[in-house]
Amino acid sequence: MRVNETPDLPGGGDMMTRIRDEIPPSATTDVLVDEPSLPARIRRPSDAIRFLLSVGVIGLILVLAHVARQTTTGLSSDIAHGTEQAPHLILTLANLASGIGVLAVPVAFGVDRVIHRDGLRVAIGVLAAVVALGVSLALDTWITAAGMRELEWYLTWKRHGGWFPGPAHVDLTPVIAYVTAVGLAGRTRWQLVTWAVIGLDAVASLTTGSITPLAVLTTYVIGRAVGYGALYAVGSPNTRPTGTAVVAALRRVGLEPVRATRTANGHEDTRRYSAALTDGRTIDVTVLDRDQQIAGLIYRLWRRVRLRGGTPRRTIRSLRRSLEQESLMAYATTAANAATPRLLATSEVGSEAALLAYEHVPGRSLAELPGEELTDELLNAIWTELRQLQRHRLAHRRLVEESILVDEDGRPHLTDLRAGETAASDLVLRIDLAQLLTDLALRVGPARAVRTAAGVLGPDALGAAVPLLQKVVLARSTRNALRKHKKLLSGIREQIRVLRPEIAAQPVRLDRFRPRTLMSIIAGTAGAYLLLSQLGNVDVAALVRHADWRWFAVGVVASAVSYLAAAFMLIGFVPERLRVRRTVLVQLAGSFVKLVAPAAVGGIAVNTRYLQKAGVPAGQAAASVGASQLTGMCVHVMLILLFGYITGSSNGPSLPPSRIIIITLLAAAVLAVIVFSIGPLRRLITSRMRSLFAGVVPRLLDVLQSPSKIATGMGGTLMLTVTFVVCLDASIRAFGGSLGLGTVAVVFLTGNALGSAAPTPGGLGAVEGALSLGLTLAGLPAGTATSAVLMFRLLTFWLPVLPGWAAFSYLQRKEAI
């Protein structure tokens, strides 16, 4: 494409006109720019982030309507009282002006854009307005249908004497979405007039009592969210300067290109050009686009919040800040006598980009070099360049293979300095060393990487990097590569320990919290919500008044004994010696894990992890847990049949056993036929069962050689069932009910089987439904059955959560799980 040719970009005419005006005619004569045509529309990361932030604010407002009731009510009362003092004529004129202007101004802007052949911008705005109207109506309907009367009260407006529920002003939300989507940046007058009439309409609605303050805020945020969402979905006009503007900017700083070519680029937030100058030199040009500076913001924020140190000092970067940071790092690296392409010039490219022009160094990146060219001489040279940086307190912060350029003479040059730091701390410098050490070890192995590094930097420097050899501080590409080399970091540590056996190997704690801690918080919050939602349909006061709390105490004891029984059940199927106290704590910790995992899965995972930490090999640990689970399942089925027969042959009011047992077995059989008739499900279940029980038979043979182990395992299995049956029976008697133990046992065993199969955490929903239905069929009143089941779940599922969390945390500190 010749530089005097400019692509016709829909929606971007104004910006391209400004760019063309900045280029003198003489600057583009006989200069050829070879680059693919820029896309007409682009998705800006800033639009996506603003959309997510707006959605978060909407959720916060809905919570605020529940929490800050007095504040919102008082604010509305103050506004109403204040407007009573205003002259009626002024309020009337304000209402009239805002009612007309809020529609007339956007229409006028749309007509103006159509006249200027920018109709696509208007079409996107209209689309956003339609979507905003639909979202407002849908949200209004949802709040009304869900019976959220508090939200209806705090987020409503009044018309013609009646209250119409809705968190957003249906007339105003589409206008805000339209204005957001069409984009008024650079048009100061239109911005001023448009937002003035929108604000006037909102104020007029507040003064007349037609809308609440929270509804005003909700209306604004919903409109903004829909507008930004539409912009990101459809794309914004591409205002990035083309190669033409880049060439003109190079001319302004004294560089005279005769040809410029767009080159391949591994980074999404920059563009690269190679330009040939009139004096025969070649330069490499990096273009920083303003809209790309926010790319990766969420990831950088996550790293900044999670890590204690080692993160960039600035998470949010402006175009000017990015340009100055890379320029400063380039000059500092050159001053430190480290090899890097020399920075020749910097310049803005219009108002939407900036460039950095570097001296061209012919060569290939380290990632492009074949293995046979990675000689010890080259590795030593790379470590020498790092030593130069560290002596001058310079941190590269991205020492991956792509950031090391090897020239034609075999000398390495450091590139991609955009994330670097001057006056870096010791921690950041050590992270640089750990990063480069890991990346080179991925190519040449831990032994060569450590040996060459020690020859240049010395063993002491490597010893200081050992505590930082952890994935959390490494670059994303390096972490991805380590998934295929899981033992690489430990191999590097071992090689360094050979040189310095006395070094401290304990990793530095860099993360403020770990993902599993976050999961624990989420699980606890979800558990509390589920508990409150279940108790919301129960008259707790009536339960407290009529319950016999002596039976509650019996249930507490039975629930506590169940953890000892579960410990015996596991100990009996592990030939190795296990400590009873710690094993009981592991079972208690499993009650906390149930909050985020199905009932059966959580216990299996915790027990397997515990056995591995106790020194049992991974395969044997899984086999022991599998043997325990298999035996428990067989005993469970046998007990269902046994108690079903007992209840069927007994007299008096009891559960009709044959019908329940037959229905249960038939349902299980039908479910099994359906599941195993579907190929993917059949293969999935078969593979999972095979992996779980592959070593069960050999493990059982080992256990059978010890009668005491068999007695402990079987005794714990039976004792576990008995304790749960006693707990359920005590819950029934606490509310005045009474059933035979055999009937209670059948109901519990059936409900527990369904709960274990349910994919919900702890079998939530499935266990409650099955137990309530079973007790009702057994003859208990529905109210008594529901109350008994809730007490049973409180004793066996909810109350152990807090002690389970304490046990889980204690075992983690002791590295027992």
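These notebook entries record what I looked up in a predicted model of one protein chain.

**Entry 1: the chain as a whole**

I began with the overall figures. The secondary structure of the protein chain comes to 32 helices and 13 strands. Of its 817 residues, 47% count as buried. I then looked at the exposed surface, which is about 39,700 Å² for the protein chain, with carbon and sulfur atoms supplying 63% of it. For contacts with a separation of 6 or more, I noted that residues 24 or more positions apart account for 75%.

**Entry 2: strands β6, β7 and β8**

I turned next to β7, which covers residues 270-277. On one count, β7 pairs with β6 (residues 257-263) in the antiparallel sense, over 6 bridges. Within that pairing I located Arg-262, which stands opposite Tyr-273 in β7. On the other count, β7 pairs with β8 (residues 282-289), again in the antiparallel sense, over 7 bridges. Here I found Ala-276 opposite Thr-282 in β8.

I also inspected the turn. The hairpin of β7 and β8 has 4 residues between the strands, and Gly-280 takes a positive phi near 95° there.

**Entry 3: the sheet of β11, β12 and β13**

In which order do the 3 strands of this open sheet lie? I read the order as β11-β12-β13, with antiparallel pairing. β11 (363-365) and β13 (412-414) are the edge strands, each pairing on one side only. I recorded an average turn of 30° between neighbouring strands of this sheet, direction ignored.

Pair by pair, I noted the following. β11 and β12 run antiparallel and are joined by 3 bridges; in this pairing Ser-365 stands opposite Leu-405 in β12. β12 (residues 404-407) and β13 also pair in the antiparallel sense over 3 bridges, and the bridge partner of Val-406 in β13 is Pro-412. Helix α13 packs on the sheet, where it touches β12 and β13, and its direction makes about 30° with that of β13.

I then checked the cover on β12. Both of its faces are covered: Ile-404 and Val-406 are buried on one side, and Leu-405 and Asp-407 are buried on the other. The hairpin formed by β12 and β13 has 4 residues between the strands, and Gly-410 in the turn has a positive phi of about 85°.

**Entry 4: salt bridges**

I moved on to charged pairs. Side chains of opposite charge can pair when their charged atoms come close. With a cut-off of 4 Å between side-chain nitrogen and carboxyl oxygen, I count 20 salt bridges.

One of these joins Asp-291 to Arg-240, with the closest N and O atoms 2.9 Å apart. Asp-291 lies in the loop between β8 and α11 (297-306), and Arg-240 in the loop between β5 (236-237) and α10 (243-252), so the pair ties together parts that are 51 residues apart in sequence. I found both Asp-291 and Arg-240 to be buried.

I looked next at Asp-376 and Arg-448, which form a salt bridge with the closest N and O atoms 2.8 Å apart. Asp-376 belongs to helix α13 (residues 376-391) and Arg-448 to helix α15 (residues 446-457); the pair therefore ties together parts that are 72 residues apart in sequence. Are these two residues buried or partly exposed? Asp-376 counts as partly exposed because its relative accessibility is 25%, and Arg-448 counts as partly exposed at 25% as well.

A further pair is Asp-416 with Arg-418, whose side chains meet in a salt bridge at 2.7 Å, N to O. The cut-off for buried is under 20% relative accessible area. Asp-416 has 12% relative accessibility and so counts as buried. Arg-418 has 17% relative accessibility and so counts as buried.

Finally, I asked which residues are joined into one network by salt bridges that share partners. They are Arg-44, Arg-240 and Asp-291.

Definitions and conventions
Residues are numbered from 1 along each chain as its sequence is written. This is a predicted model: local features need pLDDT of at least 70, side-chain atom pairs count only at pLDDT 80 or more; totals for chains, interfaces and linings use all residues. Side-chain values use heavy atoms; hydrogens and water are left out. Two strands pair if DSSP finds at least two bridges between them. Helices (H or I, at least four residues) and strands (E, at least two) are DSSP runs, numbered from the N terminus. Buried means under 20% relative accessible area, exposed over 50%, partly exposed in between (1.4 Å probe, protein chains only). Axes are lines fitted to C-alpha atoms, for helices over the stretch in contact, and angles run from 0 to 180 degrees between N-to-C directions. Contact means heavy atoms within 4.5 Å. Accessible areas come from the Shrake-Rupley method with a 1.4 Å probe; for residues, only the protein chains shown count as cover.
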